[in-house]
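These are my notebook entries on charged side chains, written down as I looked them up one after another.

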Amino acid sequence: MLIKILVVSDQAADRMCIQNALNKYCVLIASDGISAMRVLEEHDGINLLLLDLNPHNMNSFQIFESLKGDERFKNLHTIVMTESDRLEDELKGLKLGAVDYIRKPIRKDLLKTRIDVHVALMRAQRMQEQQLINFDIIFNQLPVGIAVSYDPYPKACDETTVKINPAFERIVGRTKEELVSLGWAKITHPDDLEEDMKNYRRLESGQNETYSIDKRYIKPDGSIVWVHKIAALLFLSDDRKWSHIFLIQDITKYKAIEKVLYESERSKSVFLSYLPGLAYRCNYDHNWTMLYVPQGCYNLTGYPPESLLYNRDLSYNDLIAPEYRERIWNEWERVLTNKETFNYEYEIITASGQRKWVLERGQGIYNDDGEIEALEGIILDISEQKAIADTLKYNNEHDRWTGLYNRDYLVSLLEKDIRLKKNVNKALIGINLNTVQLITLNYGFQYTQNLIKMIADALNRHCTDNRLLFYPRENSFIFYLFDYKDKNELVNFSNIVAETLGSLLATERIGGGIGILEIERNQDDADIELLLNRLLIASEKSISLYGRDFEICFYDEELEASVNRERDIVEALNAIAEDINTNDELFLQYQPIMELRTGSNVGFEALARMRTEKLGLVSPSEFIPIAEKTKLIIPVGEKIMVKAFGFLNKLKVLGYDEIGISINISVIQLLNPDFVSRVLELMKEMQVNPKKIDIEITESIIASDCENINRVIKKLRKAGFQIAIDDFGIGYSSLYREKELEVDCMKIDKYFIDGLINADMNKAITCDIISMAHKLGHCTIAEGVEHDIQLQYLEKHGCDKIQGYLISKPLDEKEAIEFLARHYML
């Protein structure tokens, strides 16, 4: 007897699995309900329908309804593939021969067993129809347990069996006589009896022509055997009135496997329920047709699992945000080709329309031939982590106060663009607003911060897709421009920035600098720190050249030379600080200080000088700021003090005990925590008299940190040192601060002394400075005195001391001693 089986499933993986399992039968394939109906019409003699519960186009009940009443299919056996354990109630009343079910996922060995039972029943029915004489021979040879009962039925629950084949006896472990004696009810497990009786009564009443059940029989030794039982009506036209046929197949082994799998699935289900997402098994198709989805699906997507299973209501592809669909498919193609693991972040759209970030990790499942059967993996909700990561990324890339991109992001962006945008014009425009520190002194820190925020908001309005604004450090902004036309575009935009800044800062009476640096094209790499340093130099140069006006300064060859010169000076200062034996030299010159009342020389100001092998003589106005910027002023400043103390001791040996020396001290030195202790240590080591040493502090230094500086001054004065305010009159200190400072002397800046040459003496304010200093208890020293008219004015208004070229230029040590020999009054 040729057995034809029609498999109806829209899942390619299921169809392939079933074909491989049933290769000894004639297997026909249909991918949906409509094609199944067509195959049934076109092919005669189809014995068994293996049917998905809900195939595409028509579900199983619609197919049953279409076949009902058709005589051709009255003996058609049907096995429904479903997720449910029981379908008897749902399939009640169908008149289509034997209707059975099998649970997904399909296991090949269990499917074969189930098919064998149905094939045995078909053959029995076939023999019934053909009234075969050799029924007994076939009956005894079939490997399926068969029992046939007489009619009428006994009223008690003990179905009296009259014909039982050897396979049935072997399966239940009892002989025919034992079975006839005991009856089937007594060997049925109590937990299965009620359901089996219910189905039997439906069969008996004619409600069903067949039924199937998984049930347990109890063997004589008390052990259990699981069977899959199919019961059907059976009529033979001979003298024997057979009424029912029962077929059983031993499925004990499969039930044990099923139990293990159930426990495994239950544990897996508990585990998966706590995942912030879902695990899945799906087909490798453009819909990502889901074959397995746990309850976590609802929490992630807002859809129940059954909505996604087999694309009942929608496919998983429908959930994926449209912009990611093609990318995800291409990435799966790539990883499956290379047999790698899929790892991808993308967005899905939930039932409520919310977008969620997910991380999918999966892999392909392959059959023995290396073909893809399915995909398995997990899809995790990473929306919260994404939000945290985005916040961290924003904080890492932005300045908190201004909301602008920060230095770190600028550096990373430049590194990337220089490497990837080689043929594109790129430039930096730096805005230096260090002058706002002057406002802080008068109005406080918060006022300045609010001003910076206002400037940031104004400048940010000039940003475009190729013009980005950064706040890389305090009081500094940088525009990064790329893909601009030419240098004129840079200039025009910089002028717009200058106008914006000028209008904002007009009432503050401060300016700033604008530097421009064009980045070379076609570079593979670049020193970003060097680029930013050059930009800073250009902006500082702008400030030094134009003061309060916002003017543009390009970083060019001239500035390049200036940078190289500064580098050479730093190298020389380093060599001096570390006592490296080179031809670079730090030395002092001494400018005499004369007391006007007596006309005698009372001291010298020690002036630092530097001579390098490469640059020759370097002005202190050039190397001192560099030393301060690099903090080399601390070791270099100590060497200046040592040389000055040594000169003072030499004068003492020569008998000039009353001659003092003035030493200029930088704010960097003064605020160094070890400064006072180190000065006192040097004083003790070199045995100098602190009363003969004046420490000169620039007025602008005092304004920067008045409280701490006054604390240092008190310690120095307590040790016996004299303290002088240098360059008085051009700084930013208030009279109140000058009064609070415990200093001994004020040195009037050369600016006021120069003003005495051509000015109306009645309008000169130098006399007021002298008068004010005296009222505060300070002596006065006038710097830069070069003409007699200046001397006369200073004498007239009671200035205490003077220094300048009118007395003497700065002298080398030997010349200074000779000067003393000529002019010192004992």
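Where is aspartate 369 found? Before answering, I note that I am working with a predicted model. I traced aspartate 369 to the loop between β14 (355–366) and β15 (372–381). I then looked up its accessibility and found that aspartate 369 counts as exposed, because its relative accessibility is 65% and the cut-off for exposed is over 50%. I also wrote down that Asp369 takes part in a negative surface patch, which is formed together with Asp368, Glu371 and Glu373.

**Entry on strands β14 and β15**

Next I turned to the two strands on either side of that loop, and looked for a salt bridge there. I found that the side chains of aspartate 381 and lysine 356 meet in a salt bridge, with 3.9 Å from N to O. Aspartate 381 is in strand β15 and lysine 356 is in strand β14, so I noted a pair that links distant parts of the chain, 25 residues apart. Is lysine 356 buried or exposed? I entered lysine 356 as buried because its relative accessibility is 11%, and the cut-off for buried is under 20%. Its partner, aspartate 381, counts as partly exposed at 22% relative accessibility.

**Entry on helix α15**

Which residue meets lysine 386 in a salt bridge? I found glutamate 345, whose side chain meets that of lysine 386 at 3.2 Å, N to O. This pair, too, links distant parts of the chain, since glutamate 345 sits in strand β13 (residues 342–349) and lysine 386 in helix α15 (residues 383–397), 41 residues apart. For glutamate 345 I recorded a relative accessibility of 39%, which counts as partly exposed.

I stayed with helix α15 and looked up lysine 393, which forms a salt bridge with glutamate 397, the closest N and O atoms being 3.0 Å apart. Both residues lie in helix α15, and I noted that they are four residues apart, about one turn of the helix. Lysine 393 counts as partly exposed at 47% relative accessibility, whereas glutamate 397 is buried, with a relative accessible area of 15%.

**Entry on the whole count**

How many salt bridges does the count come to? I wrote down 36 salt bridges. I also entered a network of salt bridges, in which Glu605, Glu696, Lys747 and Glu783 are linked.

How values were computed: Residues numbered from 1 in each chain as written. Predicted model: local features only at pLDDT ≥ 70, side-chain atom pairs only at ≥ 80, totals over all residues. Heavy atoms only, no water. Patch = residues over 30% accessible without salt bridge, like charges linked within 9 Å, V, L, I, M, F, W, Y side chains within 5 Å. Areas by Shrake-Rupley, 256 points an atom, 1.4 Å probe, with all protein chains shown as cover. Salt bridge = Lys/Arg side-chain N within 4 Å of Asp/Glu carboxyl O. Lys, Arg positive; Asp, Glu negative; His and termini not counted. Charge placed at Lys NZ, Arg CZ, Asp CG, Glu CD. Buried < 20%, exposed > 50% of the residue type's maximum accessible area, 1.4 Å probe, protein only.
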